[in-house]
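Here's a quick briefing on a protein model, covering its cysteines and its nonpolar cores. Have a look at the structure, then read on.

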Amino acid sequence: MANKINLIDVDAVIRKLERELEIIPTISLVKDPFGTVFDTPLDRRIRRLVSALIRDVINYLKRQPTVDAVEVVRCKDCKKWDPKTRTCEEFTTHRFPAGGRVAFLTQETDFCSYGERGADA
């Protein structure tokens with residue numbers, strides 16, 4: 001059985017972490033009711049540690065191996081697929097001299113390299 005691989009948009013994760021780095025200066029253990037950020041030695045140390053941890057995570061993510069993957073369009077989302085007949089115009093071929101057609105039935109979760117996302121998908 002093949003191992004399942006969860007692919008993520010690592011660039012989006014890194015952008016999110018970088019935004020978190022921008023708000024670290026506003027972190028404080030204690031705030032008064034008016035939202036004042038205290039700048040105690042402990043607060044400064046925590047901010048440095050959190051910043052360093054986030055930078056380490058970003059660097060770790062950047063060093064990870066990548067896979068050669070592309071997004072696919074599933075049949076159910078493809079503009080060429082007819083859900084009523086469960087056929088695709090890409091896979092209806094003319095195989096007979098008299099012009100008869102052979103239709104290949106597909107499932108909603110199938111995909112191919114010709115898929116084009118429909119407007120409502």
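A disulfide is a pair of cysteine sulfur atoms within 2.5 Å. Keep in mind that this is a predicted model. By that cut-off, the structure holds zero disulfides.

**Cysteines**

- Why is Cys75 not bonded to Cys88? The two sulfurs sit 6.2 Å apart, and that's too far for a bond.
- For Cys75, the closest cysteine sulfur is the one in Cys88.
- Cys75 counts as buried, because its relative accessibility is 10%.
- Cys112 isn't in a disulfide either: its nearest cysteine sulfur belongs to Cys88, 5.7 Å away.
- With a relative accessible area of 22%, Cys112 is partly exposed.

**The largest nonpolar core**

- In soluble globular proteins, nonpolar side chains tend to be buried together.
- Here, the largest nonpolar core has six residues: Ile14, Leu17, Ile24, Ile54, Ile58 and Leu61.
- Two helices, α1 (10-23) and α2 (41-63), each chip in at least two residues of this core.
- Which helix gives the most to this core? That's α2, with three residues.
- Leaving aside residues up to four places away in sequence, Leu17 touches Ile54, Val57, Ile58 and Leu61.

**Another core**

- Apart from the largest core lies another one, made of five residues.
- Among its members are Val73, Cys75, Trp81 and Cys88, so two of the cysteines from the first topic turn up here again.

Notes: Residues are numbered from 1 along each chain as its sequence is written. This is a predicted model: local features need pLDDT of at least 70, side-chain atom pairs count only at pLDDT 80 or more; totals for chains, interfaces and linings use all residues. Side-chain values use heavy atoms; hydrogens and water are left out. A nonpolar core is a set of buried Ala, Val, Leu, Ile, Met, Phe, Trp, Tyr and Cys residues joined through side-chain atoms within 4.5 Å. Buried means under 20% relative accessible area, exposed over 50%, partly exposed in between (1.4 Å probe, protein chains only). Helices (H or I, at least four residues) and strands (E, at least two) are DSSP runs, numbered from the N terminus. Contact means heavy atoms within 4.5 Å.
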